[in-house]
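I set out to record how the ligand is held and which charged side chains pair up. My entries follow the structure.

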Amino acid sequence: MTASTNPQSPIPSSAPIAFIGGGNMARSLIGGLISAGTPASAIRVAEPVAALREALMRDFGVLVFEEAIDAVAGAGTWVFAVKPQVMRAVCENLAVQARATRPLSVSIAAGITAEQLDRWLGGGNAVVRCMPNTPALLGAGVTGLFANAQVGADGRAQAESLLASAGKTVWIEDEALMDAVTAVSGSGPAYVFLLAEAMEAAARRQGLPDDAARALVLQTVLGAARMLTESNEPPDELRRRVTSPGGTTQAAIETFEAGGFRDLVVKAIDNATERGRQLSAAND
Ligand SMILES: NC(=O)c1ccc[n+]([C@@H]2O[C@H](COP(=O)([O-])OP(=O)(O)OC[C@H]3O[C@@H](n4cnc5c(N)ncnc54)[C@H](OP(=O)(O)O)[C@@H]3O)[C@@H](O)[C@H]2O)c1
């Protein structure tokens with residue numbers, strides 16, 4: 001596994017890049033590419049919803065199309081950014097074109113395997129499967145990437161540069177682990193939201209007014225996340241430093257430990273991983 005924190009650079013390949021699907025995730029990737037210097041004329045987007053097409057054209061100046069087959073014409077990289085349920089039909093419609101032009105196919109759909117995508121596109125394709133997460137919409141996400149055997153060094157660089165617009169990137173060499181990536185970072189923001197919800201409820205129970213409870217919790221989550229990412233110290237060390245013997249933090253941490261907090265996190269991530277496996281199988 002290799003993690004990259006490099007700032008984004010323009011996409012290395014000179015051939016245009018086609019997005020199939022122009023929804024939330026595509027929009028945030030396109031915004032990142034444009035701000036990193038990729039020319040708008042090199043970005044082609046297929047999106048069936050007219051209002052989304054117009055917004056993409058107005059906001060970024062990219063070329064928009066109603067049909068995927070028109071968007072992929074002349075594009076060296078195809079980015080599949082549609083919902084998993086429609087992925088098979090979308091790919092099968094593009095299979096003839098994929099065989100003729102052999103693009104790099106990049107998928108951000110949860111639970112669709114590289115093997116499925118390759119098969120639906122007719123076989124023999126270079127495929128990078130990615131798992132971004134919702135903070136990508138703010139450029140603060142993290143994406144796990146897996147490349148099949150057909151992807152060379154250029155294809156990896158291309159995919160990494162593309163996803164760098166959503167935040168950090170981490171290469172995963174064993175595709176079976178992509179379900180664990182989904183369970184950890186894909187679903188992970190919701191775990192932090194759950195903790196924030198529970199802390200807010202507990203703060204109100206102590207008598208704090210709603211707005212005070214929310215401000216105290218949100219800023220605590222933000223501050224803790226910044227310490228985790230900016231201090232170079234592992235989480236256990238940061239926790240030890242704020243846990244004085246016999247103090248208030250220790251009283252809370254002991255309660256979490258006695259309630260089986262760590263085992264619960266392990267079980268939650270086990271169940272999310274298993275659900276990811278089941279969903280992949282269901283899409284086939
Ligand atoms: N949002 C996230 O944080 C996140 C995180 C990780 C992974 N993902 C993955 O990213 C993918 C896209 O998610 P999203 O949140 O961006 O979804 P979204 O906002 O629903 O965007 C998908 C867009 O693709 C359009 N579309 C459907 N069929 C199409 C076709 N044949 N050709 C071209 N466009 C088509 C959809 O139009 P209609 O509405 O008319 O169907 C929709 O506008 C999903 O597979 C999801 O699993 C998202």
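The entries below take the ligand and its surroundings, then the salt bridges.

**Entry 1: the model.** I note at the outset that I am working from a predicted model.

**Entry 2: the site.** I looked up where the ligand is placed and found that it sits in the second largest pocket. I then asked which elements give two or more residues to the shell around the ligand. They are α1, spanning 24–35, and α4, spanning 84–101.

**Entry 3: the shell.** I listed 22 residues around the ligand, of which Asn-24, Met-25, Glu-47, Val-82 and Ile-108 come nearest. By character, I sorted the shell into 15 nonpolar, five polar and two charged residues.

**Entry 4: polar contacts.** I searched for polar atoms facing oxygen atoms of the ligand. For Glu-47, I recorded a polar side-chain atom 2.8 Å from a ligand oxygen. For Ala-110, a backbone N or O atom lies 3.1 Å from an oxygen atom of the ligand. For Ile-108, I found a backbone N or O atom at 3.4 Å from a ligand oxygen. I also looked up the area: the ligand taken alone exposes 890 Å², and the protein buries 74% of that.

**Entry 5: salt bridges.** How many salt bridges does the count come to? I obtained 15, with a cut-off of 4 Å between the side-chain nitrogen and the carboxyl oxygen. One pair I examined was Arg-88 and Glu-92, whose side chains meet in a salt bridge at 2.9 Å, N to O. I noted that these two residues are separated by about one helical turn, because Arg-88 and Glu-92 are four residues apart in helix α4.

Terms used. Residues are numbered from 1 along each chain as its sequence is written. This is a predicted model: local features need pLDDT of at least 70, side-chain atom pairs count only at pLDDT 80 or more; totals for chains, interfaces and linings use all residues. Side-chain values use heavy atoms; hydrogens and water are left out. A residue is near a molecule or strand if one of its heavy atoms lies within 4 Å of it. A polar contact is a pair of N or O atoms within 3.5 Å; within protein, one must be able to donate a hydrogen and the other to accept it, and residues adjacent in sequence count only if both atoms are side-chain atoms. Accessible areas come from the Shrake-Rupley method with a 1.4 Å probe; for residues, only the protein chains shown count as cover. On a 1 Å grid over the protein atoms alone, a cavity is a set of points where a 1.4 Å probe fits but cannot get out, and a pocket is an open set with protein on both sides within 12 Å along at least five of seven lines; lining residues have an atom within 4 Å of a point. A molecule sits in a cavity or pocket if more than half of its atoms lie within 2 Å of its grid points. Ala, Val, Leu, Ile, Met, Phe, Trp, Tyr, Cys and Pro count as nonpolar, Asp, Glu, Lys and Arg as charged, and the others, Gly among them, as polar.
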